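Reader: I'm new to reading protein models, and I'd like to go through one slowly. Could you show it to me and take my questions one by one?

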Amino acid sequence: MWMIAGIVMMSSVVAPVPDVAGQELVPAIGALRDAGYERVRTTDVSGRGRVVVTRRSWKVCAQRPVAGAEATQEGVELAVVKTDETCPVGEPATTRPGFMPDLKGKSVRVARHTLPRRTTIRIKDATGRKRVVFWDIAWRVCTQRPAPSAPLEGPVSLGVVKYGESCP
C-alpha cells in the first residue's frame with residue numbers, strides 16, 4: 001500500500017466492494033485493501049472541506065460504488081466525517097448551472113469551490129467585527145446573496161462567522 005496525493009493505492013480488484021459505511025476509516029480502507037481495490041479516495045462531507053490527514057480520526061458515512069458492486073477505474077470513493085461528528089442525511093442538493101447554490105452552513109472553502117471559477121466573491125465577517133478570513137475552513141457561511149436558487153449574476157456576497165460562533 002502507498003499514498004499519492006491523498007489516494008491510497010493498492011493491489012488489483014478481485015472482489016465486489018465490501019460494505020464499509022459506518023466503519024472507522026482505518027478498518028474500512030483495510031477491508032477495501034483485502035478485497036483488492038487499488039484506489040480509495042476520501043471526501044469530507046461535513047461541509048467544511050477538510051483534507052483527511054490522520055485517518056484514525058475519521059469515519060465512513062457512505063461509499064461509491066455501493067456495497068456488492070464492482071469499482072470502476074476511478075476506484076472507491078468514501079464520504080467521511082470526523083469520528084465525533086454526525087453524518088449528513090440524504091444526498092447533497094444539486095444546483096442547476098447559472099443558479100445560486102445554498103451555501104449556508106458550508107465552509108468558505110467549500111463555498112469557493114462550489115461557485116463557478118470566475119465568480120467574484122465578497123466575504124464579510126457577519127458579526128460586524130471586521131475580522132479578516134485567512135483560514136477558509138475555519139469560517140462558515142451564515143448569509144448569502146443572491147439567495148439559493150436565484151440566478152447567479154454578478155458578485156456573490158457571503159456573511160461568515162468562525163465555526164463555533166452563532167450566526168447573528
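**A walk through the chain**

Reader: Okay, let me start with Asp136. Which residues does Asp136 touch, leaving aside those up to four places away in sequence?

Author: Keep in mind that this is a predicted model. Asp136 sits in the loop between E6 and E7. Not counting residues up to four places away in sequence, the residues it touches are Ser107, Val108, Arg109 and Arg112.

Reader: Is Asp136 buried or exposed?

Author: The cut-off for buried is under 20% relative accessible area. Asp136 has a relative accessible area of 13%, so it counts as buried.

Reader: And which side chain makes a polar contact with the side chain of Asp136?

Author: Among the residues Asp136 touches are Val108 and Arg109. The polar contact is 3.2 Å, and the side chain at the other end belongs to Arg109.

Reader: Let me zoom out. In what order do the elements of the chain run?

Author: There are 2 helices and 8 strands to place. Starting at the N terminus, the order is β-β-α-β-β-β-α-β-β-β.

Reader: What share of the contacts between residues at least 6 apart in sequence join residues at least 24 apart?

Author: A contact here means heavy atoms within 4.5 Å. Take the contacts in the chain between residues at least 6 apart in sequence; the share joining residues at least 24 apart is 66%.

Reader: Now the inside. Which element gives the most residues to the largest nonpolar core?

Author: This core has 16 residues, and Leu25, Leu32, Tyr37, Val60, Val76, Leu78 and Val80 touch the most other members. Helix H1 (25-34), E4 and E5 each give two or more residues to it. With 4 residues, the top giver is H1.

Reader: How many residues are in the second, separate core?

Author: Ala138, Leu152, Leu158 and Val160 are included in this separate core. Its full count is 13 residues.

Reader: Why would nonpolar residues gather like that?

Author: There's a general tendency to lean on here. In soluble globular proteins, nonpolar side chains tend to be buried together. As for the whole chain of 168 residues, the part that counts as buried is 35%.

Reader: Which residues follow a cis peptide bond after Arg64 and Arg145?

Author: Arg64 is joined by a cis peptide bond to Pro65, with omega about 0°, and Pro65 is in the loop between strand E4 (58-64) and strand E5 (76-82). Arg145 has a cis bond too, with omega about 5°, and its partner lies in the loop between strand E7 (139-145) and strand E8 (156-162). The two residues are Pro65 and Pro146.

Reader: Is Lys130, with its positive phi, buried or exposed?

Author: Phi of Lys130 is near 60°, and Lys130 isn't a glycine. Lys130 sits in the loop between strand E6 (121-125) and E7. Exposed means over 50% relative accessible area. Lys130 is at 74%, so it counts as exposed.

Reader: What is the relative accessible area of Ser149?

Author: Ser149 also has a positive phi, near 75°, and its place is in the loop between E7 and E8. Ser149 counts as exposed, and its relative accessible area is 54%.

Reader: Last one: how far is the charged end of Arg48 from the centre of the ring of Tyr163?

Author: The structure holds 0 aromatic pairs, but here a charge sits over a ring. The ring is that of Tyr163, and the charged end of Arg48 is away from its centre by 3.6 Å.

Methods: Residues are numbered from 1 along each chain as its sequence is written. This is a predicted model: local features need pLDDT of at least 70, side-chain atom pairs count only at pLDDT 80 or more; totals for chains, interfaces and linings use all residues. Side-chain values use heavy atoms; hydrogens and water are left out. Buried means under 20% relative accessible area, exposed over 50%, partly exposed in between (1.4 Å probe, protein chains only). Rings of Phe, Tyr and Trp (its six-membered ring) pair if their centres lie within 6.5 Å; planes under 30 degrees apart count as stacked, over 60 as edge-to-face and the rest as tilted. A charge sits over a ring if NZ of Lys or CZ of Arg is within 6 Å of the ring centre and within 35 degrees of the ring normal. A polar contact is a pair of N or O atoms within 3.5 Å; within protein, one must be able to donate a hydrogen and the other to accept it, and residues adjacent in sequence count only if both atoms are side-chain atoms. A nonpolar core is a set of buried Ala, Val, Leu, Ile, Met, Phe, Trp, Tyr and Cys residues joined through side-chain atoms within 4.5 Å.
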